[in-house]
Amino acid sequence: MTARAALVSRALDQVVSRVGLVFHDIRLTAATAAIEAWLARHHISDPSRITPGSQLDELLTELVVHESYFDRDLDQLTLVDELVLARFARTGETLHVWSAGCARGEEPYTIAFMLARRQILGRSHVLGTDLSRPALARAQAGRYRGSSMRTGAGSPAMRFLEPCGTDLCVPEEIKRAVRFSPLNLLEDAYPADQHLILCRNVLIYFDLAAIAVIARKLAAALHPDGWLFVAPSDPRLDPHAALTAVITDRGVYYRPRAAAELAAPPVPASARRPPTRPPTRPPTRPPPLRWPEVVRAAARPVTTPLALPASTGPSARMLADRGAYADARVALAAELAASPLDAELYFLSAVLAAALDIPAALRDLERAMYLAPDAPLSFVFAGQLYQSRGETAPARRAYRTALRILEQLPSDALVPWSDEPAPILAAACRVALGVLRE
């Protein structure tokens with residue numbers, strides 16, 4: 001192992017021990033580039049100098065992706081409203097809400113909007129926490145660009161957000177009702193007696209040991225009659241803590257085991273709709289851009305068609321996000337027939353096809369590039385596919401094109417069709433080009 005590799009390895013070990021984060025594939029490539037830049041900036045050449053402290057906190061801030069958006073997963077948020085907020089609206093009790101890993105604050109503000117709509121914000125305590133102090137500073141400012149909106153002009157958040165120049169701002173009365181604080185999920189103490197905890201799209205980035213620790217801490221932080229909501233992609237928590245999983249077609253949540261054994265309020269009828277395939281555990285999917293895992297999982301054969309027509313059932317993108325890759329391919333065929341000029345559908349088709357037929361995946365990517373020549377993700381994926389086949393020249397061309405597009409995007413812009421900030425993918429492309437030149 002070279003001296004530089006030893007330094008990077010030591011820094012990664014510190015990241016794992018401090019916060020339990022793990023990096024795979026393109027994230028590992030980007031993390032390596034960020035660590036090398038950090039080591040050079042602080043003139044660190046001795047692995048023994050990499051110790052916990054303010055410098056390492058700075059590195060952790062750079063490695064964590066602080067991405068979210070308002071009204072994320074509206075189906076699950078509607079379930080939160082029906083199960084939890086409606087109950088507290090009836091009882092008059094004080095409600096304690098914690099958004100763990102809140103990034104720039106879109107999630108806790110979304111919950112605050114929902115509480116305001118229920119007219120119970122005044123007797124609710126809303127807390128947002130994150131590892132990154134810069135992200136929390138942006139959350140406290142309450143000023144957002146268009147990338148924080150994904151659900152359109154008619155979304156619930158748009159009823160509250162106010163235009164301020166070219167941005168959107170959280171009203172002052174909402175900002176005053178939400179508190180933000182730094183918190184390391186692995187090391188720090190958790191707030192106690194929380195009636196509602198949202199820890200969504202966070203745990204997918206942790207290793208198994210960290211997940212076990214965090215699961216027990218989350219269970220202890222819950223009120224005895226509380227609710228813990230996670231994302232479909234997040235790992236199971238009930239094997240590690242005294243929690244009972246409740247799986248619906250609108251999301252996954254946990255109840256403290258003792259509370260779940262008592263008579264509980266019935267799940268709304270809309271949440272009891274039979275799913276297209278009765279699950280025995282929450283669906284899992286790889287985090288965005290872990291392409292090797294995605295395409296291997298996508299190779300599973302189609303066994304059961306969707307029970308609903310594509311026009312009324314889940315979209316191919318939604319099914320792929322849930323990890324239902326076989327069903328996604330069925331839905332995708334119908335969507336492509338209806339929208340043959342949709343570049344994102346061809347990109348998704350390439351992801352689903354890559355494990356079975358790389359040439360077919362590259363043909364789909366060519367269509368996506370033609371229809372959306374300024375969308376860099378098609379070029380990034382093409383570069384990876386060419387690189388995996390040892391085709392250096394086309395891989396370089398694809399990465400260079402992607403990098404040119406990415407460098408023209410604002411530093412806080414999210415890449416179309418992904419949850420990745422542009423600088424993360426740009427760094428990955430630079431590292432890949434460096435490898436291809438060696």
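A residue counts as buried when its relative accessible area is under 20%, and that cut-off is the one to keep in mind while moving through this predicted model.

**First stop: Ser378 and its surroundings**

Select Ser378, which sits in helix H15, residues 376–388. Because its relative accessibility is 0%, Ser378 counts as buried. With residues up to four places away in sequence left out, the neighbours to display around Ser378 are Phe347, Leu365, Ala368, Met369 and Trp417.

Move next to Leu365, one of the residues that Ser378 touches. Under the same exclusion of residues up to four places away, Leu365 touches Phe347, Ala350, Ser378, Phe381, Ala382 and Leu385. Phe347, Leu365 and Phe381 are the residues with the most contacts inside the largest nonpolar core, a set of 47 residues. To see where this core is drawn from, colour helix H11 (316–322), helix H12 (325–338), helix H13 (343–353), helix H14 (358–371), H15, helix H16 (392–407) and helix H17 (422–437), each of which gives two or more residues to it. H13 supplies the largest share, nine residues.

A second core, separate from the one just visited, has 36 residues, and Leu85, Val126, Leu136 and Tyr253 are among them.

**Second stop: the sheet and the helices across it**

Now show the open sheet of seven strands, whose order is E6-E2-E1-E7-E8-E10-E9 and whose pairing is mixed. At its edges are strand E6 (178–182) and strand E9 (243–248), each of which pairs on one side only. From one strand to the next the twist averages 20°.

Within the sheet, select strand E8 (residues 222–230) together with strand E10 (residues 251–256), which pair in the antiparallel sense over three bridges. Here Phe229 has Tyr253, in E10, as its bridge partner; Tyr253 is also one of the residues of the second core.

Which strands does helix H4 lie across? Selecting residues 74–91 brings up H4, which lies across strand E1 (95–100), strand E7 (194–198), E8, E9 and E10, and which runs at about 165° to E8. Helix H6 (residues 133–141) lies across strand E2 (124–130) and E6, running at about 170° to E6.

**Third stop: salt bridges**

The structure holds 12 salt bridges, and two of those to display start from H4. In one, the side chains of Asp81 and Arg118 meet with an N to O distance of 2.9 Å. Asp81 belongs to helix H4, whereas Arg118 is in the loop between helix H5 (106–117) and E2, so the pair ties together parts that are 37 residues apart in sequence. Asp81 counts as buried at 18% relative accessibility, while Arg118, at 32%, counts as partly exposed.

In another, the side chains of Glu82 and Arg250 meet at 2.8 Å, N to O. This pair links distant parts of the chain, 168 residues apart, with Glu82 in helix H4 and Arg250 in the loop between E9 and E10. Glu82 is partly exposed at 30% relative accessibility, whereas Arg250, at 7%, is buried.

Go then to Glu391 and Arg389, which form a salt bridge whose closest N and O atoms are 2.7 Å apart. Glu391 is partly exposed, with a relative accessible area of 27%, and Arg389 is partly exposed as well, at 38%. Elsewhere, salt bridges that share partners join Arg87, Asp225 and Arg255 into one network.

**Last stop: two buried polar residues**

Select Glu107, in helix H5. Is Glu107 buried or exposed? Its relative accessibility is 9%, so Glu107 counts as buried. Leaving aside neighbours within four places in sequence, Glu107 is in contact with Ser99, Leu198 and Arg200, and a polar contact of 2.6 Å joins the side chains of Glu107 and Ser99. Adding Arg72 to the selection shows a residue that is 35 residues from Glu107 in sequence and 7.5 Å from it in space, C-alpha to C-alpha.

Finish at Asn184, which is placed in the loop between E6 and E7. Asn184 is buried, with a relative accessible area of 5%, and a polar atom of its side chain lies 2.9 Å from the backbone nitrogen of Leu186.

Technical notes. Residues numbered from 1 in each chain as written. Predicted model: local features only at pLDDT ≥ 70, side-chain atom pairs only at ≥ 80, totals over all residues. Heavy atoms only, no water. Helix = DSSP H or I, 4+ residues; strand = E, 2+ residues; numbered from the N terminus. Buried < 20%, exposed > 50% of the residue type's maximum accessible area, 1.4 Å probe, protein only. Contact = heavy atoms within 4.5 Å. Pairing = 2+ DSSP bridges. Axes fitted to C-alpha atoms, helices over the stretch in contact; angles between N-to-C directions. Core = buried A, V, L, I, M, F, W, Y, C linked by side-chain atoms within 4.5 Å. Salt bridge = Lys/Arg side-chain N within 4 Å of Asp/Glu carboxyl O. Polar contact = N/O pair within 3.5 Å; in protein donor to acceptor, adjacent residues only side chain to side chain.
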